[in-house]
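Here's a walk through one model, with the strands up front and the helical parts after that. Have the viewer open while you read.

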Amino acid sequence: MKQFIANLNDRERILLAGGGGAILLLLLFLIAWHPFSRHVERLGENVEAQRELRTWMQQAAVEAKRLRSGTPARRGGGQSLLAAADSTARQHGLAAAMKRVEPDGADKVRIRLEQAGFDDMTRWLELLVREYGVRIESITVDGRNQSGTVDARLTLQAGSS
């Protein structure tokens, strides 16, 4: 190999040395720097994911404490149970099905639904329980001939503050 290099003229030796240096730099980049930089990038993504998880866990901890204390999060802004039940039922497509909504004392409401969509009704009740702290005191549901529709009689009670 030494004799081969010795037989080259100066210009060819410079070209060979430059090409060898370029190949050496390329190998150094491919073997060391590129995997290292990719690893650092993945670590940065992992840190961001961990931060998002931490934020979510902090919010979940606050929610868990609230649920343990038994005080429901109220969304109604001082809205009465009657008004909350009526407005949310309309938002869930139950306006036509609501045949009677009447107060029963200071903290209860009796509601009669006819030909209500069962799925709409369950989503509506879930919203009232979760967001307004409403308690379902009694419910009677009768199936209809039309698939997915029911008649229902409900008594809802406002949650205690």
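## The sheet

Four strands make up an open sheet, running in the order β1-β2-β4-β3 with antiparallel pairing. The edge positions go to β1 and β3 (135-143); each has a single partner strand, so one side of each is left without a neighbour in the sheet. On average, neighbouring strands here are turned by 10° against each other, direction ignored. Keep in mind that this is a predicted model.

## Strand by strand

Start with β1 (residues 98-103), which is joined to β2 (residues 108-117) by five bridges, the two running antiparallel. If you want a spot to check on screen, Glu-102 stands opposite Arg-110 in β2. The hairpin of β1 and β2 has four residues between the strands, and Gly-105 in this hairpin takes a positive phi near 85°.

Next, β2 is tied to β4 (residues 149-157) by eight bridges, again antiparallel. Here Gly-117 sits across from Thr-149 in β4. On its other side, β4 pairs with β3, in the antiparallel sense and over eight bridges. Ser-138 has Thr-155 in β4 as its bridge partner. A hairpin links β3 and β4 too, with five residues between them, and Gly-148 in the turn has a positive phi of about 85°.

## An odd phi in β2

Which residue other than glycine has a positive phi, near 55°? That's Gln-115, and its place is in strand β2. How covered is Gln-115? With 47% relative accessibility, Gln-115 counts as partly exposed, because that class covers values between 20% and 50%.

## The greasy patch

Now for the nonpolar patch on the surface: Ile-23, Leu-26, Leu-27, Phe-29, Leu-30, Ile-31, Trp-33, Phe-36 and Val-40 form it, and together they offer about 940 Å² of accessible area. One of these residues, Ile-23, has its place in helix α2 (residues 10-69). Is Ile-23 buried or exposed? Its relative accessibility is 52%, and the cut-off for exposed is over 50%, so Ile-23 counts as exposed.

Phe-36, also part of the patch, comes in at a relative accessible area of 48% and is therefore partly exposed.

## One aromatic pair

How many aromatic pairs does a search of the whole structure find? It finds one. The partners are Trp-33 and Phe-36: their ring centres are 5.8 Å apart and their planes sit at 45°, so the pair is tilted. The tilted label follows because stacked needs planes under 30 degrees apart and edge-to-face needs over 60.

Along the chain, Trp-33 and Phe-36 are three residues apart in helix α2, so about one helical turn separates them. Both residues also belong to the nonpolar surface patch.

## Over in α4

Last stop: Arg-130, which lies in helix α4 (residues 118-132). Its relative accessible area is 42%, so Arg-130 is partly exposed. How far apart in space are Arg-130 and Leu-81? Going C-alpha to C-alpha, Arg-130 and Leu-81 are 14 Å apart, with their positions 49 residues apart in sequence numbering.

How values were computed:
Residues are numbered from 1 along each chain as its sequence is written. This is a predicted model: local features need pLDDT of at least 70, side-chain atom pairs count only at pLDDT 80 or more; totals for chains, interfaces and linings use all residues. Side-chain values use heavy atoms; hydrogens and water are left out. Two strands pair if DSSP finds at least two bridges between them. Patches are made of residues with over 30% relative accessible area and no salt bridge: like charges are joined within 9 Å, nonpolar side chains (Val, Leu, Ile, Met, Phe, Trp, Tyr) within 5 Å. Accessible areas come from the Shrake-Rupley method with a 1.4 Å probe; for residues, only the protein chains shown count as cover. A salt bridge is a side-chain nitrogen of Lys or Arg within 4 Å of a carboxyl oxygen of Asp or Glu. Buried means under 20% relative accessible area, exposed over 50%, partly exposed in between (1.4 Å probe, protein chains only). Rings of Phe, Tyr and Trp (its six-membered ring) pair if their centres lie within 6.5 Å; planes under 30 degrees apart count as stacked, over 60 as edge-to-face and the rest as tilted. Axes are lines fitted to C-alpha atoms, for helices over the stretch in contact, and angles run from 0 to 180 degrees between N-to-C directions.
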